[in-house]
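Please open the model in your viewer and keep the selection panel handy. We will go from stop to stop, and at each one you will hear what to select and what is there.

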Amino acid sequence: MQCSAWSAEPSLVWTHYEDSDDWIVFHPSSGSVYALNSIAHALWQLADIIPASSSDLSVRLAVALSRPCDDAFQAAVQDTIDVMDQAGLLRPVQP
Amino acid sequence: MPQFRPSFSTDVRIDLGPFDVRIRSDLPGVGEHLAALYGDFPVSSGRGAYLDLAVVSSPGARRWFRKQANLIVNAKRPFLPLPAVLAGPLMEWGLNWTMGQHVHRWVSVHAAVVERGGQAMILAAPSGFGKSTLCAAMVFAGWRLLSDEFALINPADGLLLPCPRPISLKNASMAVIRERFPAVTLTPERVDVEGARFVHARPPTESVRRSAERVTPRWIVMPKYVAGERTRLDVIPKSRALIELTDQSFNYNYLGAAGYRCLADVVAKADCFALEYSDLDDVLARLGALEPQ
């Protein structure tokens with residue numbers, strides 16, 4: 001979905017156990033549960049701090065992970081955003 | 001035209017764990033099933049969650065020719081009629097259906113639950129993974145049966161509620177349990193609508209007697225029967241166990257965040273394993289060696 005920015009869905013219930021890097025999230029509105037890896041969770045946290053565009057989120061995530069923000073990284077971030085959008089974990093923010 | 005009203009030859013009201021269940025039927029198969037498997041259950045105290053089931057014959061010519069059994073739950077008929085010879089099993093399936101679909105006071109998970117030393121093991125797996133066979137082997141080897149079908153978890157305190165009922169055994173597992181535990185009472189062999197041969201095994205008296213004793217979940221095991229394989233009992237990440245439990249839960253999402261948190265808390269306090277097995281002696285020894293806290 002094309003939009004100017006993404007914000008984090010605030011009603012989610014997150015669970016993290018010390019024995020892995022995974023995060024489990026419950027979406028109260030849909031009743032669905034999803035498993036995310038630590039990078040996807042970090043992406044969600046960045047959107048939770050302040051709504052941002054896909055490209056801004058890519059740059060900020062690359063900095064947080066000390067990775068180059070190249071085309072492949074940006075494409076992977078966009079794919080993750082698309083999945084999180086479909087799952088209702090991120091919300092599009094219209095101007 | 002007068003409406004057919006069956007005359008019930010069976011009309012009992014018993015405590016099944018946290019449930020107060022009334023069972024009525026005009027078909028002799030239900031009475032025979034109850035007599036064979038439910039002799040240890042107490043007469044209702046009237047305190048449990050009330051369920052009303054009837055298994056009745058079809059009206060008209062079907063009363064005499066190719067007799068049928070109809071399930072009626074709280075005045076509704078959720079299933080198509082089955083042959084009358086399946087009247088007893090239909091009662092069991094009706095109880096399963098009712099508990100899975102209509103009971104939301106507790107978080108329910110499709111799982112067997114057994115206990116020893118005051119701590120419970122949840123055996124959560126889809127149908128056909130060998131869960132009931134393993135459960136039966138454990139129970140008749142000395143573990144206490146809480147349930148063969150449902151882990152019922154109280155969201156208020158995270159404790160498991162016992163609801164011991166007959167254990168359903170299919171196909172090859174019937175012979176396995178019959179040969180290993182010849183004293184166990186089994187119903188006559190029947191064939192279900194999918195063509196599977198099955199029996200029900202009577203729950204141990206001691207498990208029924210202790211139906212009011214709630215238990216702390218200690219282990220979560222995802223069993224899978226794999227013919228010819230050696231026993232593998234591997235620790236799995238709790239995140240995977242939580243996903244599996246939510247997959248197997250009938251109603252956590254009905255209960256919203258409280259239902260989800262209940263399962264997440266159970267997982268947090270449990271040791272979680274994936275199990276592959278084929279040798280019952282070996283798997284019983286491995287599971288018996290797990291240490292209570």
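## Starting at the largest pocket

Select B:Ser127, B:Gly128, B:Glu149, B:Ser168 and B:Lys170: of the 41 residues that line the largest pocket, these lie nearest its centre. Keep in mind as you look around that this is a predicted model. The pocket you are looking into has a volume of about 1,200 Å³.

Now colour the lining by class. You should find 19 nonpolar, 14 polar and eight charged residues around the largest pocket.

Which elements of chain B each supply at least two residues of this lining? Select α2, α3 (131-140), β11 (167-170), α4 (172-180) and β13 (197-201) of chain B, and you have them. Of the lining, α2(B) gives the most, with seven residues.

## The open sheet of chain B

Next, show chain B as a cartoon and pick out strands β1 to β5. They make an open sheet of five strands in the order β1-β2-β3-β4-β5, and the pairing is mixed. At the edges you will see β1 (10-16) and β5 (82-83) of chain B, each of which pairs on one side only.

Move inwards and select residues 19-25 and 49-57 of chain B. These are strands β2 and β3 of chain B, which run parallel and are joined by seven bridges. For a single pair to label, take B:Val21, whose bridge partner in β3(B) is B:Leu51.

With those strands still in view, add helix α2 (residues 87-102) of chain B. This helix packs on the sheet and touches β1, β2, β3, β4 (68-73) and β5 of chain B. Its direction makes about 145 degrees with that of β3(B).

Then add residues 28-37 of chain B, which form helix α1. Helix α1 of chain B lies across β1, β2 and β3 of chain B and runs at about 35 degrees to β1(B).

## A cavity in chain B

Which residues line the largest cavity? Select B:Asn96, B:Ser147, B:Asp148, B:Glu149, B:Cys163, B:Arg165 and B:Pro166 to see its lining. By class, these residues divide into two nonpolar, two polar and three charged. The largest cavity holds about 30 Å³ of space.

## A loop residue

Go on to B:Asp157, in the loop between β9 (150-153) and β10 (160-161) of chain B. Its relative accessible area is 39%, so B:Asp157 counts as partly exposed, a class that lies between the cut-offs of 20% and 50%. Draw a line from here to B:Pro204: the two residues are 47 apart in sequence, and their C-alpha atoms are 27 Å apart in space.

## Two hairpins in chain A

For the last stop, switch to chain A and select residues 23-27, strand β3. Is this strand mostly covered or mostly open? Four of the five residues of β3(A) are buried, so the strand is mostly covered.

Add residues 13-16 of chain A. This is strand β2, which runs antiparallel to β3(A) and is joined to that strand by four bridges. Six residues lie between β2(A) and β3(A) in their hairpin. Label A:Trp14 and you will find A:Val25 of β3(A) standing opposite.

Finally, add residues 32-36, strand β4 of chain A, which pairs with β3(A) in the antiparallel sense over five bridges. Here A:Ile24 stands opposite A:Ala35 in β4(A). The hairpin of β3(A) and β4(A) has four residues between the strands, and A:Gly31 in that hairpin takes a positive phi near 75 degrees.

Terms used: Residues are numbered from 1 along each chain as its sequence is written. Chains are lettered from A and ligands numbered from 1 in the order in which they are written. This is a predicted model: local features need pLDDT of at least 70, side-chain atom pairs count only at pLDDT 80 or more; totals for chains, interfaces and linings use all residues. Side-chain values use heavy atoms; hydrogens and water are left out. Two strands pair if DSSP finds at least two bridges between them. Contact means heavy atoms within 4.5 Å. Axes are lines fitted to C-alpha atoms, for helices over the stretch in contact, and angles run from 0 to 180 degrees between N-to-C directions. On a 1 Å grid over the protein atoms alone, a cavity is a set of points where a 1.4 Å probe fits but cannot get out, and a pocket is an open set with protein on both sides within 12 Å along at least five of seven lines; lining residues have an atom within 4 Å of a point. Grid points are joined across faces, edges and corners, and a volume is the space filled by probe spheres set on the points. Ala, Val, Leu, Ile, Met, Phe, Trp, Tyr, Cys and Pro count as nonpolar, Asp, Glu, Lys and Arg as charged, and the others, Gly among them, as polar. Buried means under 20% relative accessible area, exposed over 50%, partly exposed in between (1.4 Å probe, protein chains only).
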